[in-house]
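Biologist: I have a model open and would like to learn how to read its features one by one. Could you take me through it?

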Amino acid sequence: PLRHGFARMGHTRGGDEAVGSGKHGAALRTSDPAGLRAYLSAYAALAPKWWGIALKPRERHADFRRFSGKQSVRDKFVGKLRNEVNDVIRKDLNLPGSVAVEVAY
């Protein structure tokens, strides 16, 4: 949940470069100890409020809906792939219908 939370909550507006700004959201990409220290101090100030919001039922349900949606898209893709491969085996290759194709994912 840390990837999107800080920026979505609007805590980083006003020039706070340590947490949540930039294209990586709340991700920290630095090898500089000073940058790490700045990130940790900004996180410590925002963490209690952020976790209070992140653990609300609305946020948990949204995460579950995203997971379910991704799973549904993946299942549809694999199902279509399996059907197309079975059609090719039966029609184009003239193999017996008893040949089964299993797609593992």
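Modeller: Gladly! Let's begin with what counts as a helix: a DSSP run of H or I with at least four residues, numbered from the N terminus. With that in hand, Leu36 can be placed in helix α2, which covers residues 33-54. Please keep in mind that this is a predicted model.

Biologist: How many helices and strands make up the secondary structure of the protein?

Modeller: There are three helices and zero strands. Read from the N terminus, the order of elements is α-α-α.

Biologist: Back to Leu36, then. Which residues make a nonpolar surface patch?

Modeller: Such a patch needs residues with over 30% relative accessible area. Here Leu28, Leu36 and Leu40 form one of about 240 Å². Leu36 has a relative accessibility of 39%, so it is classed as partly exposed.

Biologist: And which residues of α2 are buried?

Modeller: The cut-off for buried is under 20% relative accessible area. In α2 the residues that meet it are Tyr39, Ala42, Leu46, Ala47, Trp50 and Ala54.

Biologist: Where does α2 bend?

Modeller: A bend is read as the angle between axes fitted on either side of a residue, seven residues each. In α2 that residue is Ala47, where the angle is about 50 degrees. A proline, Pro48, follows within four residues.

Biologist: On to α3. What span does the helix reach from its first C-alpha to its last?

Modeller: Helix α3 takes in residues 57-92, 36 residues in total, and reaches 51 Å. That is close to the 52 Å expected at 1.5 Å a residue. Just after α3 comes Asn94, with a positive phi of about 55 degrees.

Biologist: Which residues of α3 are buried?

Modeller: They are Glu59, Ala62, Val78, Gly79, Asn86 and Ile89. Take Gly79 as a worked case: its relative accessible area is 16%, so Gly79 counts as buried. You can also look along the chain from there, since the C-alpha atoms of Gly79 and Val103 are separated by 8.6 Å although the two residues are 24 apart in sequence.

Biologist: How many salt bridges does a search of the whole structure find?

Modeller: It finds one. The pair is Arg66 and Asp63, with their closest N and O atoms 2.2 Å apart. Both belong to helix α3 and are three residues apart, so about one helical turn separates them. Arg66 is partly exposed at 43% relative accessible area, and Asp63 is partly exposed at 36%.

Biologist: Let's finish with the whole protein. What share of its residues count as buried?

Modeller: Of the 105 residues, 20% do. The accessible surface comes to about 8000 Å², and carbon and sulfur atoms account for 58% of that. As for contacts, take those between residues at least 6 apart in sequence: 40% of them join residues at least 24 apart.

Note on methods: Residues numbered from 1 in each chain as written. Predicted model: local features only at pLDDT ≥ 70, side-chain atom pairs only at ≥ 80, totals over all residues. Heavy atoms only, no water. Patch = residues over 30% accessible without salt bridge, like charges linked within 9 Å, V, L, I, M, F, W, Y side chains within 5 Å. Areas by Shrake-Rupley, 256 points an atom, 1.4 Å probe, with all protein chains shown as cover. Salt bridge = Lys/Arg side-chain N within 4 Å of Asp/Glu carboxyl O. Helix = DSSP H or I, 4+ residues; strand = E, 2+ residues; numbered from the N terminus. Buried < 20%, exposed > 50% of the residue type's maximum accessible area, 1.4 Å probe, protein only. Expected span 1.5 Å × (residues − 1). Contact = heavy atoms within 4.5 Å.
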